[in-house]
Amino acid sequence: MRRSSGGGIIGEAAIETCKLTKTFAAPRGLADLLRRRPSAGGVTPVDGVDLLIRKGEVFGILGPNGAGKTTLIKILCTLILPTAGRAKVNGFDLERESGRVRESIGLVTTDERSFYWRLTGRENLEFFASLHNFYSDKARDMVDDLLGVVDLKDAADVRFLNYSAGMKQRMAIARGLLNNPAVLFMDEPTRSLDPGAAQGLRDFIKEEIVRERGKTIFVSTHNLEEAEELCDRVAIFDEGKIKVIGSPNELKAALGEGSKLSDVFLHYTGKRFEERGGTEAGATAPGFRPDRRGLGRGGGGLGRRRGGV
Amino acid sequence: MKVGSMFATYRKALSFVKRSYILQMSYKFEFFLRLFFMFFNILTYYFVAKLIGTAGMKYLEPYGGDYFSFVLIGIAFSGYLMVSLRGFSESVRDEQMMGTLEAMLVTPTDASAIITLSTLWSFIFASFRVLLYLVIGVLLGVSLAGANVLAALIILALTIICFSSIGILSASFIMIFKRGDPINMLFMSTSELFGGVFFPISVLPSWLQTVSHLLPITYSLNGMRHALLQGYSLGELAPEVGTLVLFSALLLPASLLAFRYAVRKAKMEGTLVHY
């Protein structure tokens, strides 16, 4: 056992996957379905993924939009069934023990629509607590505690539709922690936040969730700075495949002194990270594009940005 | 089912009802508007019944002879079929569109429980409507003095099981095809015409009555009218009760299997939250 970069204790396996693969068949019409005609084509957003993530570890999956990060998280959360391969979360088999897997996990997404907008924050959390089998006084105390943790106690009885983007995201974290999960999945947790709010959320994740609660965190991001700041290890993920896994420092050191994580990404994927100009939001939005010069380590033109999206 | 599990289901049911009630009450105007226009519906049939008078006596005799009493029970209890047919598929679709389905499915609560419990409020609201229909009916002269309430409740329970099974089948189609559910269309279009909602099925030519005998709503409304208007005993209601039990025994397991298959298929295709 050792300490994670966030201060948690790293122990035995929390997530294990073996040749995990997901292929989505091309859409078929009713006639094809009835005739059991196989569909032509299809996409494979997760392609033979092997992972071993230890308890207490903050593991980042770093890749561009469309790389398959969300599909991988959804498979590990039992929302999508894999086409091939096996996986265990908190020691439970994804397919045979899906109920036990769901008891062990929390999911934090950026989809603010996943709450009932006309219910208050407290009502939302109490409802979702009941789905985790927590009721009445126990649920109320737990929700109260979590609202305090995410600093939303004062706004607990305000309708969710009146919350700011940052408050909504903190609500998503509170919901993810309702069942005191062993593993917390976070799908691009700072995507819709301004730089200040994103930094605040990262600090909160490090202090409260990792250091205080010692959770295993599986975080997907396309924000290099976030990956570097939060994660004990990152996997560079592109086109459904893991290109390389290691701690940010190890990965950078392997490329030579002065290398950045963006150089690591470029080296393993042939795509380079850049800032997008244009609109105010776009100016801070991270992006990846194929490196026209092919694989290489050149850092020319690599964008540096503050605080994510 | 273990006591602990039953208690958990009960507590969850309360949470779903509370959630739906708060959501419904956040649209108070719509809620009261729906109740208000229900009165117009009843009054329309009241005056139609006055116009018909004793003209349909030959057909209405088995139900006491009064058209208003006949149609009141028909429109009140057919509401359960409508709620079942639409409720389950709409709750799948509503949660998909609101974006809340995924957040619910990542909890230990089973998908079928989520969909069933999401529909509870619609059934409670439908029951409230039935009660209002009956109260207004009594105020307008319908006699329920000799009603066999126990038999009516048994038929109601079987009706809900039967109709819910059809509703779950319908939701299974929505889960896979997203739109164009044939179960809903089939039962929606045939039940009012052949199920005896607005007129006794004896009005239909005998070859069309065959279709009526294939629909659970026919037995449900028949039994309910006999129980409420004429106070038939359970023994006298045995044909209706027996047929509804048979329908339930066939449809309930089939619908649960279909729903499980639909959820698995949607998880396989990654379309669980698509709409």
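**Notebook: a strand, a helix, a core and a contact**

I began at A:Gly60, and found that this residue stands opposite A:Val234 in strand 11 of chain A. A note to myself before going on: this is a predicted model.

**Entry 1, strand 11 and its partners.** A:Gly60 led me to ask which way strand 5 and strand 11 of chain A run, parallel or antiparallel. Strand 5, residues 58-62, runs parallel to strand 11, and four bridges join the two. Next I looked at strand 12 of chain A, residues 241-246. Strand 12 is antiparallel to strand 11, with five bridges between them. I picked out one pair here: A:Ile236 has A:Val244 in strand 12 as its bridge partner. Strands 11 and 12 form a hairpin with two residues between the strands, and there I noted A:Glu239, which takes a positive phi near 50 degrees.

**Entry 2, the two faces of strand 11.** I wanted to know how many residues of strand 11 are buried. The count is six of six for residues 233-238, so I wrote "mostly covered" beside this strand, keeping in mind that a residue counts as buried when 20 or more other C-beta atoms lie within 10 Å of its own. In a regular strand, side chains alternate between the two faces of the sheet. I then sorted the side chains of strand 11: A:Arg233, A:Ala235 and A:Phe237 point one way, while A:Val234, A:Ile236 and A:Asp238 point the other way. Both groups are buried.

**Entry 3, helix 10.** I moved on to helix 10 of chain A, residues 261-269. Eight of its nine residues are buried, so the helix is largely enclosed by the rest of the structure. Among the buried ones I listed A:Leu261, A:Val264, A:Phe265 and A:Leu266, and also A:Asp263 and A:His267. Just after the helix comes A:Gly270, with a positive phi near 75 degrees.

**Entry 4, the largest nonpolar core.** Which residues touch the most other members of this core? In a core of 146 residues, they are A:Leu76, A:Phe185 and A:Phe218. I followed A:Phe185 further and, leaving out residues up to four places away in sequence, found A:Leu76 and A:Phe218 among its contacts, along with others including A:Ile73, A:Cys77 and A:Val108.

**Entry 5, where chain B touches chain A.** Last, I turned to the contact, which takes 24 residues from chain A and 24 residues from chain B. On the chain B side, helix 1 (3-25), helix 5 (101-105) and helix 12 (238-269) each supply at least two residues. Helix 1 of chain B gives the largest share, seven residues. By class, I noted eleven nonpolar, seven polar and six charged residues on that side.

Definitions and conventions. Residues numbered from 1 in each chain as written. Chains lettered and ligands numbered in written order. Predicted model: local features only at pLDDT ≥ 70, side-chain atom pairs only at ≥ 80, totals over all residues. Buried ≥ 20, exposed ≤ 12 C-beta atoms within 10 Å, placed from the backbone. Pairing = 2+ DSSP bridges. Contact = placed C-beta atoms within 7 Å. Nonpolar A, V, L, I, M, F, W, Y, C, P; charged D, E, K, R; others polar. Core = buried A, V, L, I, M, F, W, Y, C linked by C-beta atoms within 7 Å.
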